[in-house]
Structure formats: structure tokens, C-alpha cells
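Work through the exercises below with the sequence and the 3D structure at hand. Try each task before you read its solution.

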Amino acid sequence: MKCINKKCRKLLCILCMAAIFITGCGSKESGLLENPYSLTEDNTAVSSQFFAQNLCVTDNVDFGIDQVSSDYAEGAGAFNLTTQEVLYSHNLFEKLYPASTTKIMTAYIIIKNCDLDEKVTVSTEAVANMADSSKCGVAAGDTLTVRDLLYGLMLVSGNDAANVLAEYYSGSIQKFAEEMNKEALSLGATHTHFVNANGLPDDDHYTTVYDMYLIFQAAIQLQEFEDIIKTQSYDASYTDTNGNTVTKTWANTNQYLSGAVQAPDDITVIGGKTGTTNAAGYCLVLYSKNKNGDDIVSIVFKAEGRSNLYALMNQILSTFAN
């Protein structure tokens, strides 16, 4: 089943715009969006079809789940951005914890709005309570570029890097989360709410497979974002609080990039973002190309184990994306 017809697009747009006007798009803390849609010269709304004209649109019906081991995960989806088709659908609209796939939004906001060569000094608060957390290993007083922090964020999933970038951009993690929620709403991700920049679990921090598709498809349109997620390893060099040079090598946690997992034939993996917590399970958001050169976004959320995550992802890609 592939739902890309005009009725589906119109329905999604009406629902999104209704959410904007009636509920502020579901965020508990944010109000109505400023300029949520464009206006014509006579101040009438542009047709809602423009909102979804470049999106893969579907309804809340699972399809394809009997052809793969869908029970390996709570939710998953595959989207052909080139043909604007939803290829696979499993609980696309169920609210789930995103874990470190949250960092896709963090990176998107930073890359879109910041000078990546600007230098940032790490605060004590940003790296506090990191002992049991995924981190890239920056310390209070370290000075490094925004670009370095983005690689530490996306390759080794540094929660410390996420906090540093949030403070750099907004002054605090809470204020940055507010920016994340505004950006999510602007992309149509109306069933998403963030409370931090790193994805550590919180009852009020959630998204859906479909919303993550909306966020990720916007992010991969930025060349700097693509350059980062397709990098296998990155050598960072920066200074510590005493002015000494620190060097670190950050390797990508994506097992397609590390070579630990082989993609199906005729699928070329570009990159993506992993995420793992006890609450979220094993998650992966992936960008690849099929044999026709079509852009494919595939997502698996809350898989039971890393092996099941990649097994299901390969099944989805080989069955639906070729």
C-alpha cells in the first residue's frame, strides 16, 4: 500500500493546520506558531497542498508488516523521498521515545543557524552528571569549534556535546528545547515534544516514526548535515582549560558505517543516527539510496536488541526500498 494521493495530502494538511489554530500543535509549553503558513498578497492562505507537496503522506494504517519481522520493533517506516511514496508503515504515529535520534533535531538547528567555525568553551554545567552517559569526552574549560561539537554529537552520540551546543545557541538546555519544539512544529511534526537536546528519557520527551521522518528529511537537505552523518571517523583537535592541545578520534556508532553490518544489495547507505536507552530500546534513522538513485529514509524505533534492529532494517530495505 502506498498512499500518496491528493486526498491523503489534503487530509494531512488540514489536520496540521487545524492543530496549529486550535491547540498550538500539541506542545504543552509553546503557543501558536508565528507565521505558520505563507499568505498571498491579498492575505489569504496559500493552498494547503503546498505544505505536503514534497512529502510522503499516508494514513494510520500499517502495511508491509507481514513481509518482514515486524515484531522485532515497536515502530518502523520507509519513505522514498524521490517518488514521495511511503514504502513501509508500522505504527508510524505512535508516540515513542527517540533516544539519541533526538540529536538529529539538535544538529539541524545548529547547522541551519550557526557559524560552524565559531569557537565554544565548555561550561561546567554542560558536562555535569555525565558518568553513566554516552559522551564524546569534552571537559569544562575545553575550547573547540561548533563543527567539532557536531561531530562529537552525531558520530559518538555525545550527550555532553548536545548540552554544550544547546547552551551555546540558547543559553540553556531548557530554552534550546523550546527552539526544538518550535522547529518541530514548523516541519509539521505535531506529535513531538522535546525537553532536552540529547534524548535522555523523560515522560514528556517523545516523537513518532512519521515525525522523525519529517525532521530527518529536512536535515539531510543541508549538505553539512549529510557530510557529518556519512563520516566514518573524525579526528578532533582542540585546547583544554590550560591551553594544551587535546586530540580525540570519534568513530561512528552506525554499524553500516563501521562495517559491522552489510547493507542489502543495491542499497547504498549514506548515514544516519543511532539511539539507545532502556526506555527507547534500539533506534536507527537511516539515509540511503537504492539502485535507481532514489533517496530513501528508513526508521526503526524500539527494537529489542541491536541485532534485531539491523536485521529488521535490512529486511525493510531489501523488501521495499529496491
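The following exercises go from the whole chain to single residues.

**Exercise 1. Find how much of the protein is buried, and over which residues pLDDT stays under 50.**

Solution. Begin with the kind of model: this is a predicted one, and the mean pLDDT of the protein is 88, with 84% of its residues reaching 70 or more. Next, look for the stretch where confidence is low: pLDDT stays under 50 over residues 1-48, and for this stretch the model has 69 contacts beyond four places in sequence. Then turn to the overall make-up, where the protein shows ten helices and nine strands, and where buried residues account for 55% of the 322 residues. Finally, consider how the chain meets itself: of the contacts between residues at least 6 apart in sequence, 64% join residues at least 24 apart.

**Exercise 2. Describe how helix α3 and helix α6 pack, and classify the angle between them.**

Solution. As a first step, recall that two packed helices are described by the angle between their axes and the distance between the axes. Helix α3 covers residues 103-113 and helix α6 covers residues 173-186; their angle is about 90 degrees, and their axes are 10 Å apart. An angle of 65 to 115 degrees counts as roughly perpendicular, so α3 is roughly perpendicular to α6. The next step is to list the residues that meet: α3 contributes M105, T106, Y108, I109, I110 and K112, while α6 contributes F176, E179, M180, E183 and A184. Sorted by character, the residues of this contact are seven nonpolar, one polar and three charged.

**Exercise 3. Classify the ring pairs F93 with Y210 and Y256 with Y310.**

Solution. A search of the whole structure finds ten aromatic pairs. In the pair of F93 and Y210, the ring centres are 5.3 Å apart and the planes stand at 40 degrees, so this pair is tilted. F93 lies in the loop between β2 (85-90) and α3, whereas Y210 lies in helix α7, and the pair therefore ties together parts that are 117 residues apart in sequence. With a relative accessible area of 24%, F93 is partly exposed, while Y210, at 2% relative accessibility, counts as buried.

For Y256 and Y310, the ring centres are 5.3 Å apart and the planes stand at 70 degrees, so this pair is edge-to-face. Y256 belongs to helix α9 (residues 255-258) and Y310 to helix α10 (residues 306-321), and the two residues are 54 residues apart. Both Y256 and Y310 are buried. As a last step, follow the ring pairs further: they link F79, F93, Y210 and Y213 into a cluster.

**Exercise 4. Decide whether α7 is mostly covered or mostly uncovered, and whether Q221 is buried or exposed.**

Solution. Count first within the helix: eleven of the eleven residues of α7 are buried, and α7 is thus mostly covered. Among these buried residues are Y210, D211, Y213 and Q217. Now move to the loop between α7 (209-219) and α8 (223-229), where Q221 has its place. Since exposed means over 50% relative accessible area, Q221 counts as exposed at 61%. The C-alpha atoms of Q221 and Y108 are separated by 9.7 Å, although these residues are 113 residues apart along the chain.

**Exercise 5. Locate N129 and K302, and state the phi of each.**

Solution. N129 has its place in the loop between β3 (119-121) and β4 (143-145), and its phi is near 55 degrees, a positive value in a residue other than glycine. At 77% relative accessibility, N129 counts as exposed. K302 lies in strand β9 (residues 295-303), and K302 has a positive phi of about 55 degrees although it is not a glycine. At 38% relative accessibility, K302 counts as partly exposed.

Terms used
Residues are numbered from 1 along each chain as its sequence is written. This is a predicted model: local features need pLDDT of at least 70, side-chain atom pairs count only at pLDDT 80 or more; totals for chains, interfaces and linings use all residues. Side-chain values use heavy atoms; hydrogens and water are left out. pLDDT is the predictor's confidence in each residue, from 0 to 100. Contact means heavy atoms within 4.5 Å. Axes are lines fitted to C-alpha atoms, for helices over the stretch in contact, and angles run from 0 to 180 degrees between N-to-C directions. Helices (H or I, at least four residues) and strands (E, at least two) are DSSP runs, numbered from the N terminus. Angles under 35 degrees count as roughly parallel, over 145 as roughly antiparallel, 65 to 115 as roughly perpendicular and the rest as oblique. Ala, Val, Leu, Ile, Met, Phe, Trp, Tyr, Cys and Pro count as nonpolar, Asp, Glu, Lys and Arg as charged, and the others, Gly among them, as polar. Buried means under 20% relative accessible area, exposed over 50%, partly exposed in between (1.4 Å probe, protein chains only). Rings of Phe, Tyr and Trp (its six-membered ring) pair if their centres lie within 6.5 Å; planes under 30 degrees apart count as stacked, over 60 as edge-to-face and the rest as tilted.
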